[in-house]
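Reader: I'm new to looking at protein models. Could you walk me through this one, feature by feature?

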Amino acid sequence: MNLKSFAQTSRTVLMEGVVRRLAYWGFRPDGATGDEPQKVAGGYIMRGDVFDDAVVPERWSALKRAISAKGFEEVVEEAAYTWFNRMVAMQVLAKNDYEVAQLEFAKDDDTTPLMLQRARRGDMAFLDAEEQTRVAKLLATFTKDQEAFAQLLT
């Protein structure tokens with residue numbers, strides 16, 4: 001695969017992921033929205049479930065404003081190229097020994113990214129105390145690895 005086809009395929013995959021994530025948060029391509037997170041002390045409620053991340057309602061509102069101002073497709077496009085650039089930058093930094101590898105897999109475990117393995121060992125110094133607590137709760141269940149990895153990557 002050459003660089004051009006890699007970038008095009010990555011763009012498509014990332015855009016599909018962004019659309020799925022926006023759908024999860026209740027945003028639709030036609031501009032309609034579903035459930036909105038309701039702020040409560042120390043977190044929010046959405047679809048009847050309580051979560052402990054107090055910043056989500058503000059971020060949801062900011063996303064709604066961005067979609068209203070720019071349009072759904074533009075927000076999808078921006079998010080996809082932002083994540084592509086971030087992941088490529090992480091790989092470049094790791095390959096040039098400026099940063100430890102985060103997105104790669106250990107030779108003995110080809111299913112769990114190194115970033116997630118390190119977090120399980122408590123290596124999360126790059127997160128503030130509140131974020132570390134949130135990720136530790138996710139990692140304690142072993143069924144929320146994807147959520148924990150997303151939090152770490154963000």
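Reader: How many of the residues count as buried?

Author: Burial is judged residue by residue, from relative accessible area, and under 20% counts as buried. This is a predicted model, and in its protein chain 28% of the 154 residues are buried. The accessible surface adds up to about 10,200 Å², with 55% of that belonging to carbon and sulfur atoms.

Reader: Okay, and which helices and strands should I look for?

Author: Look for six helices and five strands. Going along the sequence, you'll meet them in the pattern α-β-β-β-α-α-β-β-α-α-α. As for overall dimensions, the C-alpha atoms fill a box of roughly 45 × 40 × 25 Å along the principal axes.

Reader: Which residues touch the most other members in the largest nonpolar core?

Author: A nonpolar core is a set of buried residues of certain kinds, joined through their side chains. Here the largest one has 15 residues, and those touching the most other members are Leu 22, Trp 25, Phe 27, Tyr 44, Ile 67, Phe 72 and Val 76. H1, strand E2 (43-46), helix H2 (56-70) and helix H3 (72-95) each give two or more residues to this core. There's also a second, separate core of 12 residues, with Met 124, Leu 139, Leu 152 and Leu 153 among them.

Reader: Let's zoom in on Val 76. What does it touch?

Author: Leaving out residues up to four places away in sequence, Val 76 touches Met 15, Val 18, Val 19 and Leu 22. For the chain as a whole, take the contacts with a separation of 6 or more: residues 24 or more positions apart account for 39% of them.

Reader: What about aromatic rings: how many pairs turn up?

Author: A search of the whole structure gives five aromatic pairs. Take Tyr 24 and Trp 25: their rings are 5.0 Å apart centre to centre, with 90° between the planes. Planes over 60 degrees apart count as edge-to-face, so that's the label for this pair. Tyr 24 and Trp 25 also belong to one aromatic cluster with Tyr 44 and Phe 51.

Reader: Are Tyr 24 and Trp 25 buried or exposed?

Author: Trp 25 is buried because its relative accessibility is 15%, whereas Tyr 24, at 36%, is partly exposed.

Reader: And which residues make a nonpolar patch on the surface?

Author: Met 1, Leu 3 and Phe 6 do, and their patch is about 400 Å². Met 1 sits in the segment before helix H1 (3-24). Met 1 counts as exposed because its relative accessibility is 76%.

Notes. Residues numbered from 1 in each chain as written. Predicted model: local features only at pLDDT ≥ 70, side-chain atom pairs only at ≥ 80, totals over all residues. Heavy atoms only, no water. Patch = residues over 30% accessible without salt bridge, like charges linked within 9 Å, V, L, I, M, F, W, Y side chains within 5 Å. Areas by Shrake-Rupley, 256 points an atom, 1.4 Å probe, with all protein chains shown as cover. Salt bridge = Lys/Arg side-chain N within 4 Å of Asp/Glu carboxyl O. Helix = DSSP H or I, 4+ residues; strand = E, 2+ residues; numbered from the N terminus. Buried < 20%, exposed > 50% of the residue type's maximum accessible area, 1.4 Å probe, protein only. Core = buried A, V, L, I, M, F, W, Y, C linked by side-chain atoms within 4.5 Å. Contact = heavy atoms within 4.5 Å. Phe/Tyr/Trp six-rings, centres within 6.5 Å; stacked < 30°, edge-to-face > 60°.
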